[in-house]
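Trainee: Please give me a close look at the charged pairs of this model, and then follow the chain from there into its buried parts. I would like one connected account, with the cut-offs stated.

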Amino acid sequence: MQNPMLEDLKNIMKEGWLEKESRVFKSWRKRWFVLTTTSLYSFKAEKQYSNPTEIIQLSQVSSIKSCQEETNKENTFKIDTPDQTFFLQADNNKDKEGWIGAVGKALVKLNMKKNRNDDDD
């Protein structure tokens, strides 16, 4: 049987290093993020696509936006889901805007696909 994550990773839209705030200790850790058409994954090492430290299903994302005022850190943005808010930091403003744009574009594509499928019912 095919591994769904490995299949999903054939559809990479964007990847790169971001800092992620840990849930428990609130410390920031560098992670390799990979955006696909359905998910955002984080890994401990660059282009090592096994044992993700986080998997955010795009279908669960309610918003993505800058949050420098909230974190008091430059180039930060957050991804909201019903269960959790993920705080991320890019190296610079261009990277931050690139990630927000890429995730936003993936969300639009996912919603368009979902709406087309709903119309087929």
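Mentor: Glu 15 is a good place to begin: its relative accessible area is 26%, and it is therefore partly exposed, a class that lies between buried (under 20% relative accessible area) and exposed (over 50%), as computed with a 1.4 Å probe on protein chains only. The model is a predicted one, in which local features need pLDDT of at least 70 and side-chain atom pairs count only at pLDDT 80 or more, while totals for chains, interfaces and linings use all residues. Residues are numbered from 1 along each chain as its sequence is written, and side-chain values use heavy atoms, with hydrogens and water left out.

Glu 15 forms a salt bridge with Lys 47, with 3.0 Å between the closest N and O atoms; the term stands for a side-chain nitrogen of Lys or Arg within 4 Å of a carboxyl oxygen of Asp or Glu. This pair links distant parts of the chain, since Glu 15 sits in strand β1 (residues 12-21) and Lys 47 in the loop between β3 (39-43) and β4 (54-57), 32 residues apart. Here helices (H or I, at least four residues) and strands (E, at least two) are DSSP runs numbered from the N terminus. Lys 47 is also partly exposed, because its relative accessible area is 45%.

Six salt bridges are found in the structure, and a second one to consider is that between Glu 54 and Arg 23, whose closest N and O atoms are 2.3 Å apart. This pair, too, links distant parts of the chain, with Glu 54 in strand β4 and Arg 23 in the loop between β1 and β2, 31 residues apart. Glu 54 has 9% relative accessibility and so counts as buried, whereas Arg 23, at 47%, counts as partly exposed. Salt bridges with shared partners bring Lys 20 together with Arg 23 and Glu 54 in one network.

Another of the bridges joins the side chains of Lys 10 and Glu 7, at 2.9 Å from N to O. Lys 10 counts as exposed because its relative accessibility is 61%, while Glu 7, with a relative accessible area of 31%, is partly exposed.

From these charged pairs we can turn to polar residues in buried places. Thr 36 belongs to strand β2 (residues 28-36) and counts as buried because its relative accessibility is 0%. Its side chain is joined to that of Asp 8 by a polar contact of 2.7 Å; such a contact is a pair of N or O atoms within 3.5 Å, where within protein one must be able to donate a hydrogen and the other to accept it, and where residues adjacent in sequence count only if both atoms are side-chain atoms. Leaving aside residues up to four places away in sequence, Thr 36 touches, among others, Leu 9, Tyr 41, Leu 58 and Ala 106, contact being defined as heavy atoms within 4.5 Å.

Lys 78, found in strand β6, is buried as well, because its relative accessible area is 12%. A polar contact of 2.8 Å connects the side chains of Lys 78 and Glu 70, and the residues that Lys 78 touches beyond four places in sequence include Ile 64, Thr 85 and Phe 87.

What, then, of the nonpolar interior? In soluble globular proteins, nonpolar side chains tend to be buried together. The largest nonpolar core has 20 residues, and those with the most contacts inside it are Leu 35, Leu 58, Phe 77 and Ile 79; a core of this kind is a set of buried Ala, Val, Leu, Ile, Met, Phe, Trp, Tyr and Cys residues joined through side-chain atoms within 4.5 Å. Two or more residues are given to this core by each of β2, β6 (76-80), β7 (85-89) and α3 (93-120), and α3 gives the most, with seven residues. A second, separate core of six residues includes Leu 9, Trp 32, Val 34 and Tyr 41.

Phe 77 touches residues that include Leu 18, Phe 86, Trp 99 and Ile 100, again not counting those up to four places away in sequence. Ile 100 lies in helix α3 and is buried, because its relative accessible area is 15%. The C-alpha atoms of Ile 100 and Ile 64 are separated by 6.5 Å, although the two residues are 36 apart along the chain.
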